[in-house]
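Visitor: I would like to learn how to read features like strands, cores and odd backbone angles from a model. Can you take me through some?

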Amino acid sequence: MRLDRTALALSLAIFSLGCSAAMEGAPGEREQGVGPATEADEVEEGDEADEADVEAVGRTPLPIVLLHGAAGFDRIGPLDYYFRVADDLVDAGHDVFTTEVSPLQTIDVRAGQLAEQIDAILDETDAGRVHLIAHSQGGLDARFLVSSLGYGDRVATLTTISTPHRGSRVADIALGIIPGPIENTLGFLIDLLVGAVDGTEQDVVDQLYQLTEEYQVNTFDPANPDDPRVEYYSVAGVTQLNPFANPFENDLCDPLLVAGFALLHGTGANDGLVTVESAQRGVLLGTMPADHLDEVGQLFGTTGLGFDHREFYLDLAAFVTDPDAPSPL
Ligand SMILES: [Ca+2]
Ligand SMILES: [Ca+2]
């Protein structure tokens, strides 16, 4: 199979940014600062032992775990994937952990790595359950963790941020599954990715295939139905190309994602890589004026005037840990 390098690089950038260099400390390590005591004890108080495992606990004060997307950007330097978000959440009193999985690996492999880190977090906190917040492919890792690896009894909520639940056409095009025009070149991005690709081309193809519409709709989704013990929330980004559109209401697409936006032409609102339709899972909390990079504050904190990613994650953290908090969007 011959890969179009531009589409390939773009597709990886995608689901991406996940960089080992960006992750400080050991995987699953608690972020600096002391969060409040979790209320896991309360959750299990008065438990009807038999039902403890089957009842959803939903939006409850529990540790928050941040999951990253796929490959890339190792050479940009020490940035954190969710730019400055973990520190903000700690400052706001949350108990926060970040996980790290192989940037270029299939969902099942990444989910297995994630499981070990979730186990460690649960051991450390005695929380019983966690809230998962996942960007891009991280959301698919989380769904596999819950549905295929049986972690539904340990996850209270899963919020996915522009996760391609119904795949991304960009990946289908990159693999030649469907025809499409490939625009622009992202040579520098390919150079960046070379450093991140420690696997074979086959590894990359395997990972990319799992992000196609074909695989997500026909294989992954039927194999990973939602678990009734987990509350599912989702958020999508919407961007566009008109530089004169009202910047307080419309995001301008990052140049790195313009080719992706073009490839998605005609498929509806999207963030340059994932459509709103594909991003919806469970309760769609809303859309934000942000491209796929802005959604996690990249690069280096740059978002449009209409979207403050740090404020968004503070609001989202409040939402998942407090049943009385308003929706972040
Ligand atoms: Ca933007
Ligand atoms: Ca940006």
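Guide: Start with strand β1, residues 64-67. Keep in mind that this is a predicted model. In a regular strand the side chains alternate between the two faces of the sheet. In β1, I64 and L66 lie on one side, V65 and L67 on the other, and all are buried. Both faces are therefore covered.

Visitor: Which strands pair with β1, and in what sense?

Guide: β2, residues 96-98, runs parallel to β1 and is joined to it by three bridges. β3, residues 130-135, also pairs with β1 in the parallel sense, over four bridges. For the register, take one partner from each: V65 bridges to F97 in β2, and I64 bridges to H131 in β3.

Visitor: Is V65 buried or exposed?

Guide: Count C-beta atoms within 10 Å; 20 or more makes a residue buried. V65 has 23 others in that range, so V65 is buried.

Visitor: What does V65 touch beyond its sequence neighbours?

Guide: Leaving out residues up to four places away in sequence, V65 touches F97, T99, I118, I121, V130, H131 and L132. Look at L132: 67 residues from V65 in sequence, but 5.0 Å away in space, C-alpha to C-alpha.

Visitor: Which residues have the most contacts inside the largest nonpolar core?

Guide: V65, V130 and L132. That core has 72 residues. Its largest share, six residues, comes from helix α13, residues 309-321.

Visitor: Why is helix α6 described as largely enclosed?

Guide: Because ten of its eleven residues, 137-147, are buried. Among the buried ones are L140, F144 and L145, but also D141 and R143. The cover over these buried residues includes β1, α5, β3, β4 and α10.

Visitor: Now the backbone. Which residues have a positive phi although they are not glycine?

Guide: Two cases to inspect are D126, at about 55°, and S162, at about 45°. D126 is in the loop between α5 and β3. S162 is in the loop between β4 and α7.

Visitor: Are D126 and S162 buried or exposed?

Guide: Use the neighbour count again. D126 has 11 other C-beta atoms within 10 Å, so D126 is exposed. S162 has 34 C-beta neighbours inside 10 Å, so S162 is buried.

Visitor: Where is there a cis peptide bond?

Guide: Check omega. The bond joining Q298 and L299 is cis, with omega about 0°. L299 sits in the loop between β7 and α13. Helix α13 is also the one that gives the core its largest share.

Note on methods
Residues are numbered from 1 along each chain as its sequence is written. Chains are lettered from A and ligands numbered from 1 in the order in which they are written. This is a predicted model: local features need pLDDT of at least 70, side-chain atom pairs count only at pLDDT 80 or more; totals for chains, interfaces and linings use all residues. A residue is buried if 20 or more other C-beta atoms lie within 10 Å of its own, exposed if 12 or fewer, and partly exposed in between; C-beta atoms are placed from the backbone. Helices (H or I, at least four residues) and strands (E, at least two) are DSSP runs, numbered from the N terminus. Two strands pair if DSSP finds at least two bridges between them. Two residues are in contact if their C-beta atoms, placed from the backbone, lie within 7 Å. A nonpolar core is a set of buried Ala, Val, Leu, Ile, Met, Phe, Trp, Tyr and Cys residues joined through C-beta atoms within 7 Å.
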